[in-house]
Amino acid sequence: ETHDYYAMWITAEGQNINIDGLTINSDGRGIKIDEQYVDAPAVVNMMVKNSTFKTAKKAAILVKTVAGANITLEDVNIADVAADKDFAVWVDEDAAAHADKVVVNGGLCKVEGANVAAADTDTELREALKDGKDVILTDDINTTDADSNGYGATGININGGVFDGNGHTIEVEGATSTWDSAIAITGGTIKNVTVAKGFRGIFFKNGTEKIVLENVIINGPTYTISCDQGGNQGFEAYNSKFYGWTSYAGTIGTGYFEGCTFGHDNSYYNGLNTYTNVVIKDSKFVFKSGKSNFIDLEGTGKTMIINNCIATLDGATADVATFVGGSKKAQNTVIIDGKITAENAEQLAAYLVNENVSTILLKDGVDFGTIVMKSNKTVVGAPNAKVDAVNVNNTENVTLKDIVFDYIHHTLFHSFIDCGRVNLYSCCGDIILELSFS
């Protein structure tokens with residue numbers, strides 16, 4: 001017979017609790033941290049060490065509070081916890097919305113009832129994925145190229161859900177041919193893992209669910225991420241490191257990188273090559289002399305937005321823009337920190353209504369005619385870039401810098417009408433102006 005009582009009940013009132021040498025032997029449950037009867041729940045900090053749990057129901061520790069908990073486990077034995085011998089901590093299903101506030105060190109945690117399995121062997125990993133479960137690794141995995149990614153061999157196929165490497169490393173033996181990969185994924189999340197062996201690190205396959213990478217390191221494969229197919233599902237990468245050639249086809253859909261590092265490896269190719277719209281934010285490009293260093297946008301009619309990124313060459317700070325290229329760069333749009341160069345009047349008109357553009361640089365030697373402002377922008381001229389007039393068009397705040405007006409008097413007294421604020425810096429025809437007016 002089993003029971004529903006807990007051996008220890010802790011109210012969520014912000015306590016710091018240290019438990020050492022505890023043995024729970026119960027036909028009921030273990031420890032519960034709960035906000036019941038608490039007016040203002042607060043985070044509980046709890047250390048449990050040198051302890052043993054033998055219980056009939058639930059996990060060794062169950063947490064139910066909107067405030068969350070910080071739990072550290074050290075030498076805790078849960079081999080005799082009937083309900084779960086892998087996950088020492090459960091978040092009560094009624095508190096699932098606050099599961100991210102429960103932080104466990106030294107053990108595993110999951111939401112009660114979640115379809116997730118722990119794996120420390122190749123066999124356990126494959127069985128869990130076959131059963132459609134989320135996976136969390138408890139050890140490094142060395143496996144073989146036993147599956148297919150549709151183009152070549154792969155070590156692991158992921159079809160949705162969450163794959164949590166939990167800080168461990170994956171190596172795939174035998175995946176050395178051009179289309180072989182360590183991991184192939186149709187959709188879902190891969191996080192907290194290092195991919196160390198396989199010709200391609202993570203191969204994006206055709207699917208409908210977005211692909212998300214979080215805290216992923218790919219160091220060893222020639223291609224870091226790649227695809228030659230896709231369902232336009234899109235992908236996002238956060239706080240990840242890609243060492244080698246990062247290249248993927250436009251069929252994957254829009255890409256997004258934030259807080260990522262693109263670094264060099266032992267191969268010649270080094271950088272990012274994308275065939276689709278992409279945003280790169282708060283990221284770093286680590287380049288090295290003698291490598292093919294690039295940030296390339298291929299395809300046609302695509303947009304690359306680079307915001308707050310840095311580049312280094314042999315350890316010295318370098319200009320990100322100097323590495324941006326691609327064989328079809330002229331047929332695409334590249335915006336760096338809100339700035340872009342207009343090659344002609346048609347491009348200028350398009351950039352004036354692009355919400356990602358704040359500053360437009362006029363190409364030298366081009367006649368741009370009359371500029372019709374549509375939103376708050378800064379337009380910067382060049383010595384031989386000509387402008388007939390600027391129609392501010394009721395825009396609240398416009399900045400014009402280094403503009404050469406062909407018809408300065410016509411511009412000043414005819415075009416600057418119905419406007420909020422116009423700032424002119426070193427704009428000239430026959431005279432030089434440095435003024436602001438409303």
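This report covers the confidence of a predicted model and the linings of its two largest pockets.

## Confidence

The protein chain has a mean pLDDT of 89, and 91% of its residues reach 70 or more. Two stretches have a pLDDT below 50: residues 408-420 and residues 428-438. Beyond near neighbours in sequence, residues 408-420 have 37 contacts in the model, and residues 428-438 have 29.

## The largest pocket

The volume of the largest pocket is about 650 Å³. Its lining consists of 24 residues, and those nearest the pocket centre are C109, K110, I136, D164 and K191. Five elements give two or more residues to this lining: β9 (102-105), β10 (109-111), β12 (134-137), β15 (153-173) and β16 (181-197). Of these, β15 gives the most, with four residues.

By residue type, the lining of the largest pocket holds 14 nonpolar, four polar and six charged residues.

## The second largest pocket

The second largest pocket has a volume of about 400 Å³. It is lined by 17 residues, with K329, V334, K339, I340 and T341 lying nearest its centre. Two strands and a helix each give two or more residues to the lining of this pocket: β31 (333-336), β32 (339-342) and α2 (345-351).

The lining of the second largest pocket divides into eight nonpolar, four polar and five charged residues.

Conventions:
Residues are numbered from 1 along each chain as its sequence is written. This is a predicted model: local features need pLDDT of at least 70, side-chain atom pairs count only at pLDDT 80 or more; totals for chains, interfaces and linings use all residues. Side-chain values use heavy atoms; hydrogens and water are left out. pLDDT is the predictor's confidence in each residue, from 0 to 100. Contact means heavy atoms within 4.5 Å. On a 1 Å grid over the protein atoms alone, a cavity is a set of points where a 1.4 Å probe fits but cannot get out, and a pocket is an open set with protein on both sides within 12 Å along at least five of seven lines; lining residues have an atom within 4 Å of a point. Grid points are joined across faces, edges and corners, and a volume is the space filled by probe spheres set on the points. Ala, Val, Leu, Ile, Met, Phe, Trp, Tyr, Cys and Pro count as nonpolar, Asp, Glu, Lys and Arg as charged, and the others, Gly among them, as polar.
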